[in-house]
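Thank you all for coming. Please have a look at the sequence and the structure with me for a few minutes, and I will go slowly from helix to helix.

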Amino acid sequence: TQIRKYYDEVLKFKEKLDKNPNRFDRFLPYIKMLNAKTAYALGRGHITKEFKDLIKACLGNVNDFEDFNVFVSFFEAFIGFYRAEAKG
């Protein structure tokens with residue numbers, strides 16, 4: 001699904017940053033670019049406005065590596081609940 005696509009991208013950033021957290025400032029612009037990617041996906045009808053707004057709100061709170069890790073944990077929980085609700 002489209003949501004999983006964004007989660008996979010976030011996990012790729014996490015993997016790279018876990019190896020070298022000092023590079024966070026270098027990766028932050030690319031992480032924040034998820035806002036533009038979700039806006040584009042919304043325009044094409046691939047995701048909902050609610051999902052785009054969720055990503056925007058979450059990324060608005062990501063300012064350092066610790067914040068990013070909280071976002072990753074939240075996104076993981078979101079994916080788990082999303083799958084459970086979709087099957088339910």
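Let me begin with a definition that we will need in a moment: when two helix axes are compared in their N-to-C directions, an angle over 145 degrees counts as roughly antiparallel, whereas one under 35 degrees counts as roughly parallel. Please also keep in mind that this is a predicted model.

How, then, do helix α1, which covers residues 2-19, and α3 cross? Their axes come within 12 Å and cross at roughly 165°, and therefore α1 and α3 are roughly antiparallel to each other. The crossing in which α1 passes α3 is right-handed. On the α1 side the contact is made by Y6, E9 and V10, and on the α3 side by L34, K37, T38 and A41. Sorted by class, this contact of α1 with α3 has 4 nonpolar, 1 polar and 2 charged residues.

Now let us turn to the other neighbour, helix α2, residues 24-32. The axes of α2 and α3, the latter being residues 34-43, come within 4 Å and cross at roughly 10°, which makes α2 roughly parallel to α3. Here Y30, I31 and K32 of α2 meet L34, N35 and A36 of α3, and by class the contact of α2 with α3 has 4 nonpolar, 1 polar and 1 charged residues.

Which residues of α2 are buried? They are F24, F27, L28 and I31, and, seen down the axis of α2, these buried residues fall within an arc of 125°, so they line one face of the helix. On the other side of α2, by contrast, D25 and R26 are exposed.

We can look at α3 in the same manner. Its buried residues are L34, T38 and A41, and because they fall within an arc of 60° when we look down the axis of α3, they too line one face of their helix. Y40 and G43, on the other side of α3, are exposed.

What do the buried residues of α3 pack against? They pack against α1, α2 and α4, the last of these being residues 49-59. If you look back at the contact with α1, you will find L34, T38 and A41 among the α3 residues that make it, and L34 is also one of the α3 residues in the contact with α2.

Finally, as we leave this helix, notice that α3 is followed by G45, whose phi is positive, near 80°.

Note on methods: Residues numbered from 1 in each chain as written. Predicted model: local features only at pLDDT ≥ 70, side-chain atom pairs only at ≥ 80, totals over all residues. Heavy atoms only, no water. Buried < 20%, exposed > 50% of the residue type's maximum accessible area, 1.4 Å probe, protein only. Helix = DSSP H or I, 4+ residues; strand = E, 2+ residues; numbered from the N terminus. Arc of directions from axis to C-beta. Axes fitted to C-alpha atoms, helices over the stretch in contact; angles between N-to-C directions. Parallel < 35°, antiparallel > 145°, perpendicular 65-115°, else oblique. Contact = heavy atoms within 4.5 Å. Nonpolar A, V, L, I, M, F, W, Y, C, P; charged D, E, K, R; others polar. Left-handed = near helix turned anticlockwise from the far one by under 90°.
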